[in-house]
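Let's take a walk through this structure together, one piece at a time. Have the 3D view ready to rotate as you read.

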Amino acid sequence: MNTVTLARGFVKNSLEKNPTIGHWLAFSEVDKVTLRVGKVNFGQGISTALTQIAAEELDIALAQIIHAPINTQDSPDEGVTSGSFSIEHCGEAVRMACATIKAVAIARFCSASGSPAASVAIKNGVISSSETTHVMTYWDLNLNDQLSEKVLYDALQKPQSDHRLVGTPVPRLDLKRKLFGGHSFIQDMVIPGMQHCRILRAPNRAGRIVNVDEAGFHNRFSDVELLRDGSFIGVIAAREEVAVAAISYLETLVTWHLPASLPNCADLRTFLTSAPNEQRIVGALAAKAPPPLGLKRFESWYQRPYIAHASIGPSCALAQWKDNKLEIWSHSQGIYNLKADIEVYLRREFGDTGMPELVVHHVEGAGCYGHNPADDVAFDVALLARHAQGRPLRLLWSRAAELSCGPSGSAHLVKIEADLADDGAIHNWTQTIWSNGYTSRPGRAAPGNLAFVAAAELANPFVTPVSLDPPMSAGGGGDRNAIPLYDLPDYKVIYNRLLEMPIRTSAIRALGGYTNVWAIESFMDELALSLNQDPVAFRLQHLSDPRAIAVIQKAIDQADWWYDRSHDEEGVGRGFAYARYKNTGAWCAVAVRILAGTSVRVTDISIAADVGLVINPDGVKSQLEGGAVQSCSWTLKEELKFSNEAITTRSWADYPILMFSEVPALTVSLINQPNEPSVGAGEATQGPTAAAIGNAVYDALGIRIKQLPITVERISTTD
Amino acid sequence: MELMVNGVKRVCDFPANAFAIYALRNDLDLKGVRMGCGDGHCGSCTVLIDGVPTTSCNLPFGALEGKKITTPEGVGTIEKPHPVQAAVLAEQPGQCGFCLSGIMMSSVALVDSGKRVTESDVCAALDKHLCRCGSQPRIIKAVMAALEKVKSV
């Protein structure tokens, strides 16, 4: 058999915590392999890709893989499913676990049959030899006695040339089930005897209850429980429609104090630049020689507003607290971290010895694009379950809460200054960023702090930590993609992370990479056009990375509308942008064509990406397409609105997103690199799409919009 | 109250002024009807009432009396998918798939209407639906493919 060892980097993250074969797989029933993973599905279809990897390496069929339920009892702790790391971390760990056990199987088969290893072939788990007549299966070889053995980092893996599943567009394994109705999501889960909950929440995280007319509530809803702990308030009813009616009524009986704690929505730049911050140099490169004379100075500011996750399915969680055991069902991206943070609360309330045992089960939710309220709703339902005396509870957040109380993507300001020479050389690139941190996920707070929205509402409240950022080794947060990818003689990148957080922020797809790429790629266009240079050629002049150059060429070459302007009507513009996600992940180039008139419409998008070895080309394309469409929506439409006292974005009417009649035609190409490690695709198009749109608007109208979203109103009021 | 759901007569004791979605999802266990917003804005909860796509999250249950209701459970089966479902499986437009059941209902109504429609008609019909994963381009392709298939039969 031919074998190859692929370069591997981040796999240690998953394998160090979960080092044995049994953490990842088991031969649980005849003809089947049970796969255990900690990375969860939330719309990106990761389990399909992981199934392909495992079935490939073990030489079994896709249908022979069973996915073990994901929970904090049995699943490997792989931290959070985020940052486009799942294929790198989990995929590689799965591949190595499978390769390790396969080597044992082959050795056992050879020793039992006297076959030379080179003669062995495996199909559907059946092992045979071209030189002997012996036939055995994985399930004959008692391989489960190896489950406590360590996964070998150097287990020999199949070479790409032998792949029959990896690299093929296997259809999503979960789609069929979802299409014909029935139970598919956590929102559909039913526990016998389950009761329905709703909560009421202030549209400002500093809001507190002044008064509740509890007697009035019980007069009307005598069979509904009203639970309150400080400003955390909710209802439990036997029936969902009753819970919905009860919470609507309760809303009329609660008086809130909403402090004027929110910044001026119309002037976020003043807030971002004046709030106290922690300054950090993200990166700096000193010039080897002094810059030439006669340079022209450029300076631009780029600003994104707060944006909402706005998943179509409201966040949901179920819980049952019975006999000193608390079970929670959640669509969290990180069930172990969620467990750790809920235990902070339990430990404070009951002490180490008195607290219940806690198990968190993952159940898939609707699309997730970062740290949405999944963790918050899980803590909410745990608080309600504490008083429910063993009854199972289901809590669904309202659309209003989903938009106004969940973590948002931070407002984000970037200033770029640079000096440009006539020959296109760029000097003194100085970039300054102001933003709130991009993570307040569970599991990362200081002692005594707790990031759940309810934790600050309790009568005995926890401190809400101000959002931090993932370390640069995980891609950074507000500083993600902040260092320019171009070959510059010098640069300095400064990041000011805000130490105040009037509006709760956390991770949203691509984190700071969206705004930073938009800013850098807009600025590159400004520089190029000031010299009357073609913006794509100008970029290529400053790039030497061959994988960058390849995606740029591809994105342009495959767009038949890129060069031919002869049929353009008024308002048509073209724009281009490039980035390598996190500066370490997928290479991605995006060209767009827009039509600017009574609205700005993106009519065409051409995407080329290099994600290393492609596991599932259709899955990768789907992620790139989805990211690009979502980025169009963010860039053209989205902005969280608020007064000084309250977030006023409460329904879809307040928060329009891209509609069917507004989506572009898409062309996507992948440059497969079979001998390079796989990197994630889910976030690579966010930044480049935004910048390409901005550049196309300038191309069409000669107006550069430096404050998102790019609306017609903004265009008409910009000089 | 008696109603005809997915071709079967069902009896459901549910308040006439409460929203129909809770009766469909909880009392009749038709979870393919997805709860998205409660305002009729996102289209996730769309069902067919006498063939007309209608959001059920803001519709009083009483409005269903004597009507024929179709939910995602009543459209087709894995063995015998509706042309829209077959096209969706071919085009793979689902990312999370949450919005897809409501979109499917509007698409089924359009395809079953037998009308000649263009891509912009499809978009106009689907503008009542929100998709956050960005699957719209593939969904449009799938619906166009289903229309083509039906036309050619």
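Start in chain A of this predicted model, with an open sheet of 4 strands ordered β21-β22-β23-β24, where the pairing is mixed. The two edge positions belong to β21 (572-580) and β24 (665-670) of chain A; each has a single partner strand, so one side of each has no neighbour in the sheet. From one strand to its neighbour, the turn in this sheet is 15° on average, if you ignore direction.

Now zoom in on the middle of that order. Strand β22 (residues 587-596) of chain A runs antiparallel to strand β23 (residues 600-610) of chain A, and 10 bridges join the two. If you want a spot to click on, try L595(A), which sits opposite R601(A) in β23(A).

What packs on this sheet? Helix α14 (residues 546-557) of chain A does, touching β21, β22, β23 and β24 of chain A. The direction of α14(A) makes about 30° with that of β22(A). Then there's helix α16 (residues 686-701) of chain A, which lies across β21, β22 and β23 of chain A and runs at about 150° to β21(A).

Stay with α16(A) for a moment. Is it mostly covered or mostly exposed? Mostly covered: 14 of the 16 residues of α16(A) are buried. You can also check its length. With 16 residues at 1.5 Å a residue, α16(A) should span 22 Å, and its end C-alpha atoms are 23 Å apart, so the two values agree. Right after α16(A) comes G702(A), with a positive phi near 70°.

Chain A has another sheet to look at, this one open with 3 strands in the order β4-β5-β6 and antiparallel pairing. Here β4 (120-123) and β6 (135-137) of chain A are the edge strands, and since each has a single partner strand, one side of each is left without a neighbour in the sheet. The twist from one strand to the next averages 25°. Between β4(A) and strand β5 (residues 126-129) of chain A there are 4 bridges, and the two strands run antiparallel. V120(A) is a handy landmark, standing opposite S129(A) in β5(A).

Next, pull back to see how the chains meet. The contact between them involves 44 residues of chain A and 47 residues of chain B. Which elements of chain A supply at least two residues each to the side that touches chain B? They are α5 (175-179), α7 (240-251), α15 (617-637) and β24 of chain A. The most comes from α15(A), which gives 8 residues to that side. You've already met β24(A), as an edge strand of the 4-strand sheet. Sorted by class, the side of chain A that touches chain B has 19 nonpolar, 16 polar and 9 charged residues.

Finish inside chain B, where the domain assignment gives domain 1 (2-74) and domain 2 (83-152). The C-alpha centres of these two domains of chain B lie 21 Å apart, and their contact takes 13 residues from domain 1 and 12 residues from domain 2. On the domain 1 side of that contact, the elements giving two or more residues are β3 (46-49) and β4 (52-55) of chain B. It's β3(B) that gives the most there, with 3 residues. The residues on that side of domain 1 of chain B divide into 7 nonpolar, 5 polar and 1 charged.

Notes: Residues are numbered from 1 along each chain as its sequence is written. Chains are lettered from A and ligands numbered from 1 in the order in which they are written. This is a predicted model: local features need pLDDT of at least 70, side-chain atom pairs count only at pLDDT 80 or more; totals for chains, interfaces and linings use all residues. Domain bounds come from an automatic or database domain assignment. Two residues are in contact if their C-beta atoms, placed from the backbone, lie within 7 Å. Ala, Val, Leu, Ile, Met, Phe, Trp, Tyr, Cys and Pro count as nonpolar, Asp, Glu, Lys and Arg as charged, and the others, Gly among them, as polar. Two strands pair if DSSP finds at least two bridges between them. Axes are lines fitted to C-alpha atoms, for helices over the stretch in contact, and angles run from 0 to 180 degrees between N-to-C directions. The expected span of a helix is 1.5 Å times one less than its number of residues. A residue is buried if 20 or more other C-beta atoms lie within 10 Å of its own, exposed if 12 or fewer, and partly exposed in between; C-beta atoms are placed from the backbone.
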